[in-house]
Amino acid sequence: MSGPYLIRGSVSLPEAELTWRFSRSSGPGGQHVNTSDSQAELRFDLARTEALPEVWKQRALERLAGRLVDGALVVRASEHRSQWRNREAALVRLTALLAQATAPPPKPRRATRIPRGINERRLRQKKQRSDTKRGRSGRDWG
């Protein structure tokens with residue numbers, strides 16, 4: 001599990017820029033839960049990092065603005081019983097978040113006209129359906 005952790009292409013997160021904190025997980029459990037710090041909290045200072053290209057950094061800061069705490073991205077994992085697995089889960093979550101946030105924007109959609117044949121076929125099918133339903137009404141049954 002030692003770094004560097006790949007985001008996309010050749011860009012990766014250096015281990016030195018990641019800050020770990022561990023605490024007791026909440027929820028039910030036995031004696032083990034009350035004594036072990038299995039919840040993992042991973043903190044990555046996005047505002048001050050040098051690991052990401054400047055364009056990616058700005059894109060990520062914009063897209064993750066609601067999730068940032070003082071310019072840092074914080075991810076918690078507590079679904080596993082072992083600290084090691086929670087560390088792995090937090091790392092996977094962080095790299096996935098950063099990969100998604102730094103992805104280039106999608107290409108703009110080019111407007112195209114609907115072909116006449118498709119439109120006519122749609123209207124013809126609507127008319128057929130309308131006739132079928134009109135034929136079901138009991139008006140003409142004496």
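Glu41 counts as buried, at 8% relative accessibility, and I would like to start with this residue because a buried acidic side chain invites the question of what it meets. Please keep in mind throughout that this is a predicted model.

So which side chain meets Glu41 in a salt bridge? It is Arg76, with 3.0 Å from N to O, and this pair links distant parts of the chain, since Glu41 belongs to strand 4, residues 39-45, while Arg76 belongs to strand 6, residues 72-77, the two being 35 residues apart. Arg76, for its part, is partly exposed, with a relative accessible area of 48%. The pair also does not stand alone, for Arg21, Glu41 and Arg76 are linked in a network of salt bridges. As a general remark, side chains of opposite charge can pair when their charged atoms come close.

Over the whole structure, the search finds six salt bridges, and I will mention two others. Asp45 and Arg48 meet through their side chains at 3.1 Å, N to O; here Asp45 is partly exposed, with a relative accessible area of 22%, whereas Arg48 is exposed, at 59%. Then there is the salt bridge between Lys127 and Asp131, at 3.8 Å, N to O, and these residues both lie in helix 4, residues 116-136, where they are four residues apart, or about one turn of the helix. Both count as partly exposed, Lys127 at 48% relative accessibility and Asp131 at 37%.

Let me turn to the aromatic side chains. How many aromatic pairs does the structure hold? There is one, and it is formed by Trp20 and Phe22, which are stacked, with 6.1 Å from centre to centre and 5 degrees between the planes. The angle counts as stacked because the cut-off for that class is under 30 degrees. Is each of these two residues buried or partly exposed? Trp20 is buried, with a relative accessible area of 18%, while Phe22 counts as partly exposed, at 27%; the two fall into separate classes because buried means under 20%. Trp20 has a further neighbour in Arg87, which lies over the face of the ring, at 4.5 Å from the ring centre.

Now the overall arrangement. The secondary structure of the protein chain comes to four helices and six strands, and from the N terminus on the elements run β-β-β-α-β-α-β-β-α-α. Among contacts between residues at least 6 apart in sequence, 61% join residues at least 24 apart. Of the 142 residues in the chain, 28% are buried, and the chain exposes about 10,500 Å², of which carbon and sulfur atoms supply 51%.

That brings me to the interior. In soluble globular proteins, nonpolar side chains tend to be buried together. In this model the largest nonpolar core has 25 residues, and those with the most contacts inside it are Leu13, Leu18, Leu46, Leu64, Leu94 and Leu98. Several elements give two or more residues to this core, including strand 1 (5-8), strand 3 (18-23), strand 4 and helix 2 (54-63). Which element provides the largest share of the core? That is helix 3, with seven residues.

Leu18 makes a useful example to look at on the screen: leaving aside residues up to four places away in sequence, Leu18 touches Tyr5, Leu13, Leu42, Arg43, Phe44, Leu91 and Leu94.

Terms used
Residues numbered from 1 in each chain as written. Predicted model: local features only at pLDDT ≥ 70, side-chain atom pairs only at ≥ 80, totals over all residues. Heavy atoms only, no water. Phe/Tyr/Trp six-rings, centres within 6.5 Å; stacked < 30°, edge-to-face > 60°. Buried < 20%, exposed > 50% of the residue type's maximum accessible area, 1.4 Å probe, protein only. Lys NZ or Arg CZ within 6 Å of the ring centre and 35° of its normal. Salt bridge = Lys/Arg side-chain N within 4 Å of Asp/Glu carboxyl O. Contact = heavy atoms within 4.5 Å. Areas by Shrake-Rupley, 256 points an atom, 1.4 Å probe, with all protein chains shown as cover. Core = buried A, V, L, I, M, F, W, Y, C linked by side-chain atoms within 4.5 Å.
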